[in-house]
Every structure is written in structure tokens, then in C-alpha cells.
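Please open the model in your viewer and keep a selection tool at hand. The tour below moves from the whole chain to single residues and says at each stop what to select.

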Amino acid sequence: MSESESLLPPEPWPQRVSRILAWIGGAIILLGCSGLITIDVITRFLFKRGMVESFEISGYALAACIGLGLGFATTSKTHIRVDILLDAFPRPVRVVFDLLAALSLAVIALALAWFCWGTLAQSMAMNAKSVSTLQTPMVLPQSIWWVGIFWFACVAVLLPIQAVLRLLSGDGPGFDALIGSLRVAEEMSQAGVEQASSANGTPR
């Protein structure tokens, strides 16, 4: 796999959009948190005062990064699931539990998007600004935050629908790839741990 393919592998468009939004969230963290805090520390050391409001801006950056990354966490199945007993059940029961987990996440995501929109709409109606010296219009960071939450809700609703369609078409592996619990080998692969094979064919 080439470097470009490893950064942007072939995948359905919802996963592709989620990956790109996660990159944007990472860039916001690097610039809005790490970069500004570094500048603030240096200027405080040199001039005895900070030149940027790094504490306030980093808070906005963190919220934006969380929102923009939730969709990718859903498509890559990195949300925490307590499934220690799942393998003890037959496959039909596991399928039901996987669907129940995906639908529960969809309901939570929709509720989160709804209430986050209420917060954003209220800020727009009040022309709310931060109480700091920056007087930041709250609609700016909250809009980025809400875009991520809205996409998270879209992905959370779309994935179980796609999974059910694959299940009805007899594509069991496709169903598992979308919303099934991660196996140990998949978690190792996501963590970047390569499984090398020894001479007798067993992982080492």
C-alpha cells in the first residue's frame, strides 16, 4: 500500500468524510492548543505576560476536536463497548446485540445533535460572546463543534441501516465490518501492531 493509500484508504464515502473531519480536528488541536500554548509559554518567559489567550482558545479547540472526531470514532469502532460475554453467545444473538448497541448509539447521537443545536441557536439569538478579553462570538466555536456532532449523528444513523442491508443480502462479514465488535486481531491491527507469522504458521 502506498503512502497516499495508507493516509486515505479506499472506503465508502461516510467513512472518508469522517476520516477527513478527524484530520481537521487533529489540525485544530495542533494549532489551537499545542501551538498557541507554546507561544504563550515563550512570551510569558520573555515578556512576563502572555500574548495570546491560549487557555480560552485551547478550550474551544478541544471541543471542536471532540465533535469532529466522533464520526471517525464511530466508523472505526473505537467507542468503548463492554462485550466480554459476547463471544459466549451464538451468532444470531451476537447480531442482535450488535444491532442494539448501534441503535442505542444512534439514539444518543441524535439527542446530542438536537440539544447541541439548541445551544448554538440560543447563542445566535443572543449574540453571545465570551466573558474574556477576547469577547469571542460563541457562535464561531460552537458552529464547528455542532458540525462534528451533526455528522456524528448522521453516521450513527447510517451505519446500522447499512449493516441491516448487508445482513439481509447475506453479507455477514460486511455486517461485522460495520457494527460488529472488534476481535483481538482487529484491535491489534488498529493499534498498528503487525502480526508476524513464524515457520509453523502461528502468530508471534
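What follows is a walk through a predicted model, from overall architecture to local detail.

**The whole chain**

Begin with everything selected and a cartoon representation: the chain has seven helices and zero strands, so that the order of elements, read from the N terminus, is α-α-α-α-α-α-α. Now switch to a surface, whose accessible area is about 12900 Å², with 71% of it belonging to carbon and sulfur atoms. Of the 204 residues in the chain, 31% are buried. If you draw the contacts between residues at least 6 apart in sequence, 63% of them join residues at least 24 apart.

**H2 against H3**

Select residues 13–47, which are helix H2, together with residues 54–75, which are helix H3. Their axes lie 8 Å apart, and the two helices pack at an angle of about 160 degrees. Because that angle is over 145 degrees, H2 counts as roughly antiparallel to H3. Looking at how the two pass one another, you will find a left-handed crossing of H2 and H3.

Within H2, pick out glycine 26, which is partly exposed at a relative accessible area of 30%. A distance drawn from the C-alpha atom of glycine 26 to that of glycine 69 should read 8.3 Å, although 43 residues separate the two along the chain.

**The loop between H3 and H4**

Move next to lysine 77, in the loop that joins H3 to H4. Which sign does phi take at lysine 77, which is not a glycine? The value is positive, about 60 degrees. Most residues other than glycine have a negative phi. Lysine 77 also has a relative accessible area of 17%, and because this is under the 20% cut-off, the residue counts as buried.

**The aromatic pairs**

Show the side chains of the aromatic residues, among which the structure holds three aromatic pairs. One of them joins phenylalanine 89 to phenylalanine 97, with ring centres 5.6 Å apart and planes at 65 degrees, an edge-to-face arrangement. Phenylalanine 89 is partly exposed, at 36% relative accessibility, and phenylalanine 97 is likewise partly exposed, at 36%.

Another pair is made by tryptophan 146 and phenylalanine 150, which are stacked, 5.1 Å from centre to centre and with 25 degrees between the planes. Both residues belong to helix H5, residues 139–168, where they sit four residues apart, about one turn of the helix. Is tryptophan 146 buried or exposed? Tryptophan 146 is buried, at a relative accessible area of 19%, whereas phenylalanine 150 is partly exposed, at 41%. Add Trp117 to the selection, and you have the cluster in which ring pairs link Trp117, Trp146 and Phe150.

**The loop between H4 and H5**

Stay with the approach to H5 and select residues 135, 136 and 137 in turn. Glutamine 135, in the loop between H4 and H5, has a positive phi, near 50 degrees, and is not a glycine. At 41% relative accessibility, glutamine 135 is partly exposed.

Threonine 136 lies in the loop between helix H4 (91–126) and H5, and it is buried, with a relative accessible area of 14%. To see what surrounds threonine 136, leave out its neighbours within four places in sequence and display its contacts, which are Glu56, Tyr60, Ala128, Lys129, Ser130 and Pro141.

Proline 137, also in the loop between H4 and H5, is partly exposed, at a relative accessible area of 28%. With its neighbours within four places set aside, proline 137 is in contact with Ala128 and Lys129. Between the C-alpha atoms of proline 137 and methionine 124 the distance is 8.8 Å, for a separation of 13 residues in sequence.

**H5 against H6**

For the last stop, keep H5 selected and add helix H6, residues 172–179. The axes of H5 and H6 come within 8 Å and cross at roughly 165 degrees, which makes H5 roughly antiparallel to H6. This crossing of H5 and H6 is left-handed. Colour the contact residues to finish: on the H5 side they are Leu159, Pro160, Gln162, Ala163, Arg166 and Leu167, and on the H6 side Gly174, Phe175, Leu178 and Ile179.

Note on methods: Residues numbered from 1 in each chain as written. Predicted model: local features only at pLDDT ≥ 70, side-chain atom pairs only at ≥ 80, totals over all residues. Heavy atoms only, no water. Phe/Tyr/Trp six-rings, centres within 6.5 Å; stacked < 30°, edge-to-face > 60°. Buried < 20%, exposed > 50% of the residue type's maximum accessible area, 1.4 Å probe, protein only. Contact = heavy atoms within 4.5 Å. Areas by Shrake-Rupley, 256 points an atom, 1.4 Å probe, with all protein chains shown as cover. Axes fitted to C-alpha atoms, helices over the stretch in contact; angles between N-to-C directions. Parallel < 35°, antiparallel > 145°, perpendicular 65-115°, else oblique. Left-handed = near helix turned anticlockwise from the far one by under 90°.
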